[in-house]
Amino acid sequence: MRTIFSVLVLVLAASAATGPAVVNDGYGDCVLVSAGSFRMGDNFNEGNARERPVHLVELDAFYIGKYKVTNAEWKKFREDPGYDDPKFWPGGKVFPQADYPFWNDLKAHGGAAAENANFPVLGVNWDEATAYCNWLSAKTGKKYRLPTEAEWEKAARGTDQRRYPWGNNVDPSYTNYYQNPTPYNGSTSPAGFYDGSKRGSLQTHSNASPYGAFDMVGSTFEWCNDWYATNYYSFSPRKNPKGPAEGAYRVLRGASNYMEVPDLRAFVAVLIQTDRFGTSIADALRVFSDSLRTKRRQRAEEAAAKL
């Protein structure tokens with residue numbers, strides 16, 4: 001099973017809940033998720049035991065990518081000399097560009113074709129997604145990373161325990177899923193396709209989350225930073241949980257275009273090995289950036305450094 005990264009989630013720590021609703025550091029819009037608590041997990045009792053118990057989580061404010069990472073954004077990394085710099089890669093092991101199975105696959109909306117620039121990038125595993133974040137941090141002087149599972153769920157669901165990012169019901173006008181009779185059935189859809197506008201004969205509904213992040217379920221999975229443990233919810237800390245200290249699998253969220261309606265729920269956690277051993281799953285990335293700090297936090301840190 002091969003994972004695919006197609007959403008860059010910019011996670012940026014913002015100690016104050018105030019700040020611009022949207023920021024752009026030159027690599028795509030990021031939306032503010034305010035600080036506070038929410039109840040995480042399967043409150044509908046519809047899924048697996050690993051999605052429970054429902055538990056209270058408190059998170060600091062952060063910014064998260066408004067859309068999935070696109071081919072155009074990944075291409076900047078792919079064509080930059082920094083791609084081959086081992087310092088950006090976990091364990092210092094650079095993955096050869098020639099081994100990406102989807103970049104030249106036009107049927108999969110691969111990034112080699114200019115007309116696919118706004119489609120999510122496919123064929124990237126967790127190490128590659130992490131390398132991208134590290135490279136982006138170096139480029140901007142700000143700290144980017146993958147979001148934690150808790151950050152991802154709050155950005156997708158808000159605080160009212162809804163089933164999907166947009167509410168509690170789903171139909172083909174909201175997102176891209178298995179056997180969905182829309183123009184992109186069986187493949188990925190462009191970033192922001194489901195925004196409430198009319199697309200040919202399809203009148204879409206906006207699938208934005210309460211914080212304005214689009215496409216958080218459907219089309220492609222999204223990588224989280226966390227290791228996976230079946231019973232983690234039963235012992236995870238209340239404040240800013242970061243996942244288990246170690247594990248054999250990483251967490252995926254968001255569901256793909258191969259998933260059916262029951263798996264589109266915004267509290268469903270999926271586990272997957274970070275190694276490549278197939279080509280059946282498309283995964284995405286959204287990143288967290290420590291660097292998009294509020295001015296208030298920056299001033300506080302500068303003052304503390306002088307003490």
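User: How many cavities of 30 Å³ or more are found in a search of the whole structure?
Analyst: The model is predicted, and the search covers the whole structure rather than a chosen region of it. With 30 Å³ as the lower limit on volume, the number of cavities found is four.

User: How much space lies in the largest cavity, and which residues that line it are the closest to its centre?
Analyst: The space in the largest cavity comes to about 70 Å³, and its lining is made up of 13 residues. By class, that lining holds eight nonpolar, two polar and three charged residues. Those closest to the centre of the largest cavity are Glu149, Tyr228, Ala229, Tyr232 and Tyr233.

User: How do the residues that line the second largest cavity divide by class?
Analyst: The second largest cavity has a volume of about 50 Å³. Its lining consists of Met40, His55, Glu149, Ala150, Asp226, Tyr232, Tyr233, Ser236 and Pro241. Sorted by class, these residues divide into five nonpolar, two polar and two charged.

User: Which element gives the largest share of the largest nonpolar core?
Analyst: The largest nonpolar core has 57 residues, and those with the most contacts inside it are Trp74, Phe77, Trp89, Tyr100 and Tyr132. The largest share of this core amounts to seven residues, and the element that supplies them, spanning residues 126-140, is helix α2.

User: How many residues are in the other core, the one that lies apart from the largest?
Analyst: Phe119, Tyr184, Phe193 and Leu202 are among the residues of this other core, which lies apart from the largest one. Counted in full, the number of residues in this separate core is five.

Definitions and conventions. Residues are numbered from 1 along each chain as its sequence is written. This is a predicted model: local features need pLDDT of at least 70, side-chain atom pairs count only at pLDDT 80 or more; totals for chains, interfaces and linings use all residues. Side-chain values use heavy atoms; hydrogens and water are left out. A nonpolar core is a set of buried Ala, Val, Leu, Ile, Met, Phe, Trp, Tyr and Cys residues joined through side-chain atoms within 4.5 Å. Buried means under 20% relative accessible area, exposed over 50%, partly exposed in between (1.4 Å probe, protein chains only). Helices (H or I, at least four residues) and strands (E, at least two) are DSSP runs, numbered from the N terminus. On a 1 Å grid over the protein atoms alone, a cavity is a set of points where a 1.4 Å probe fits but cannot get out, and a pocket is an open set with protein on both sides within 12 Å along at least five of seven lines; lining residues have an atom within 4 Å of a point. Grid points are joined across faces, edges and corners, and a volume is the space filled by probe spheres set on the points. Ala, Val, Leu, Ile, Met, Phe, Trp, Tyr, Cys and Pro count as nonpolar, Asp, Glu, Lys and Arg as charged, and the others, Gly among them, as polar.
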